[in-house]
Amino acid sequence: MDVVVDARETALRPPRNQADSRAVSWWTVQWLLFMLPIGGSAVAAFWFLTDRPLWLGVAATAFAVGCLAVALAAPHAYYRVQRWEVTGEAVYTRRGWLTHTWRVAPMSRVQTVDTARGPVQRLFGLADVTVTTASAAGAVRIEGLDEAVAASLGARLTAVTQSTPGDAT
């Protein structure tokens, strides 16, 4: 049996919205808090735990510089690929550098909408919105939104899901 699919109805386009541009700074702080101790530990181990052969010092320093480079470059790359959009029918997200992961959560499957603001996010005026669905794949998370946009999005999603028929199961 042949299945005919109209490509105009099924084509996914990239979601329209990006995270707030301040999210790059927030992600950079997160990456630095993670990578600096790793790179610093390599240099400290070389300095305190070896008899300091030159080649090992060069390797430890190169590793530490690589950690710093990743911490500074990764947030910019993530900002370029992360997208989100909410329509009356669904919540759409796309993320991933090498493998793009698309998530489409129909409004009829939405169970809860949560807004979260960590301490560092509050410094940057940012928040995340997590949409929990009746899906084995887990929640759909939209990161790095302006706090006012996140609050408005949470209210909008709540209103739309309440007016959408379905039992979210």
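The following chat goes through strands, cores and a few single residues of a predicted model.

Q: What kind of model is this, and what needs which pLDDT?
A: The model is predicted: local features need pLDDT of at least 70, side-chain atom pairs count only at pLDDT 80 or more, and totals for chains, interfaces and linings use all residues. Residues are numbered from 1 along each chain as its sequence is written, and side-chain values use heavy atoms, with hydrogens and water left out.

Q: Start with strand 1. Which residues cover its two faces, and are they buried or exposed?
A: Arg-83 and Glu-85 on one side and Trp-84 and Val-86 on the other are all buried. Buried means under 20% relative accessible area, exposed over 50%, and partly exposed in between, with a 1.4 Å probe and protein chains only. Strands here are DSSP runs of E with at least two residues, helices are runs of H or I with at least four, and both are numbered from the N terminus.

Q: How does strand 1 pair with strand 2?
A: In the antiparallel sense, over four bridges, with strand 2 at residues 90–95. Two strands pair if DSSP finds at least two bridges between them. The hairpin joining strand 1 to strand 2 has three residues, and Val-86 stands opposite Val-91.

Q: And strand 5 with strand 6, in what sense?
A: Strand 5 (residues 126–133) and strand 6 are antiparallel too, over five bridges. Val-129 has Ile-142 in strand 6 as its bridge partner. Six residues lie between the strands in this hairpin, where Gly-138 takes a positive phi near 95°. Of the seven residues of strand 6 (140–146), five are buried.

Q: Where else is there a positive phi, in a residue other than glycine?
A: Arg-52 has one, near 60°. Arg-52 sits in the loop between helix 2 (22–49) and helix 3, and is partly exposed because its relative accessible area is 43%.

Q: Change of topic: how many residues are in the largest nonpolar core?
A: There are 16, and Val-91, Leu-153 and Leu-157 have the most contacts inside this core. Strand 1 (83–86), strand 5, strand 6 and helix 5 (147–163) each supply at least two of its residues. Helix 5 gives the largest share, four residues. A nonpolar core is a set of buried Ala, Val, Leu, Ile, Met, Phe, Trp, Tyr and Cys residues joined through side-chain atoms within 4.5 Å.

Q: What is Leu-157 in contact with, beyond its sequence neighbours?
A: Leaving aside neighbours within four places in sequence, Leu-157 is in contact with Val-86, Val-91, Met-107, Val-113, Val-129 and Val-131. Contact means heavy atoms within 4.5 Å.

Q: Which residues does the second core include?
A: This separate core of six residues includes Ala-23, Trp-27, Tyr-78 and Leu-126.

Q: On to helix 4. Is Gln-121 buried or exposed?
A: Gln-121 is buried, because its relative accessibility is 5%. Leaving aside neighbours within four places in sequence, Gln-121 is in contact with Trp-26, Ala-116, Leu-126, Ala-127 and Asp-128.

Q: And why does Val-120 count as partly exposed?
A: Because Val-120 has 29% relative accessibility. Val-120 is also in helix 4 (residues 119–124), and with neighbours within four places left aside, Val-120 is in contact with Trp-26 and Val-29.
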